[in-house]
Amino acid sequence: MDKKYFDLVYDESIKAFDLNEVPIGAIIVKDGSVIASAFNIKESNNCSLDHAELIAIREASKVLNNWRLNDCDIYVSLDPCPMCASAIKQARIKNVYSALSNTDNSYTSIINSIFNLSDNTNDSVDFQSNLDVDRFKILLNKFFEKQRNK
């Protein structure tokens, strides 16, 4: 885990915030190089699939010309949702580093279950959360406050 990558995730999150999207960003790193970066564009595209993690996975797969993202790490603003956690697992991403955890314990339990499920083709995913809490929490709170005051 490298803090400099959270700076890049924060930059992606700001892009989403500026578009009035939930400020979530994601980057994918392989061998110390950023191979993909993305931010939420669900509202802009009116598509429930346009989460930062899914967009970053799609971009990284194109860069590597392979859907298997072996030995890649993903850095995210907030713990992934179950859909994104499943995609991360299917893409065979090795490590997930999240700046901020989700406050719903049942949600966290689902994510941990997905990442720790072992089968014949997919290893478990190493998942670490709450690695850069303060600034991401402030940004998310600022976003939701702005939404309430509309």
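**Figure 1. Helices α4 and α5 are roughly parallel to each other in this predicted model.** Two packed helices are described by the angle between their axes and the distance between the axes. Here the axes of helix α4 (residues 82-90) and helix α5 (residues 105-116) come within 9 Å and cross at roughly 15°. Angles under 35 degrees count as roughly parallel, which is why the pair is described in this way. The crossing by which α4 passes α5 is right-handed. On the α4 side, the contact involves Pro-82, Ala-85, Ser-86, Ile-88 and Lys-89. These residues meet Tyr-107, Ile-110, Ile-111, Ile-114 and Phe-115 of α5.

**Figure 2. The sulfur atoms of Cys-81 and Cys-84 are too far apart for a bond.** For Cys-81, the closest cysteine sulfur is that of Cys-84, at 3.7 Å. A disulfide requires a pair of cysteine sulfur atoms within 2.5 Å, so this pair does not qualify. Cys-84 is likewise in no disulfide, and its nearest cysteine sulfur is that of Cys-81. By this rule, the count comes to zero disulfides. Cys-81 is buried, with a relative accessible area of 14%. Cys-84 is also buried, and its relative accessible area is 0%.

**Figure 3. Asn-95 of strand β4 makes a polar contact with Asp-73.** Strand β4 comprises residues 95-100, and Asn-95 lies within it. The relative accessibility of Asn-95 is 11%, and the residue therefore counts as buried, a term reserved for values under 20%. A polar contact of 2.7 Å joins the side chains of Asn-95 and Asp-73. When residues up to four places away in sequence are not counted, Asn-95 touches Cys-72, Asp-73, Ile-74 and Asp-126.

**Figure 4. Asn-20 has a positive phi in the loop between α1 and β1.** Most residues other than glycine have a negative phi. Asn-20 is not a glycine, yet its phi is about 65°. The loop that holds Asn-20 runs between α1 (3-18) and β1 (25-30). With a relative accessible area of 26%, Asn-20 is partly exposed.

**Figure 5. Asn-65 has a positive phi in the loop between α3 and β3.** The phi of Asn-65 is near 55°, a positive value in a residue other than glycine. Asn-65 is placed in the loop that lies between α3 (52-64) and β3 (72-78). Is Asn-65 buried or exposed? At 70% relative accessibility, Asn-65 counts as exposed, because that term applies to values over 50%.

Note on methods: Residues are numbered from 1 along each chain as its sequence is written. This is a predicted model: local features need pLDDT of at least 70, side-chain atom pairs count only at pLDDT 80 or more; totals for chains, interfaces and linings use all residues. Side-chain values use heavy atoms; hydrogens and water are left out. Buried means under 20% relative accessible area, exposed over 50%, partly exposed in between (1.4 Å probe, protein chains only). Helices (H or I, at least four residues) and strands (E, at least two) are DSSP runs, numbered from the N terminus. A polar contact is a pair of N or O atoms within 3.5 Å; within protein, one must be able to donate a hydrogen and the other to accept it, and residues adjacent in sequence count only if both atoms are side-chain atoms. Contact means heavy atoms within 4.5 Å. Axes are lines fitted to C-alpha atoms, for helices over the stretch in contact, and angles run from 0 to 180 degrees between N-to-C directions. Angles under 35 degrees count as roughly parallel, over 145 as roughly antiparallel, 65 to 115 as roughly perpendicular and the rest as oblique. A crossing is left-handed if the near helix is turned anticlockwise from the far one by less than a right angle, and right-handed if clockwise.
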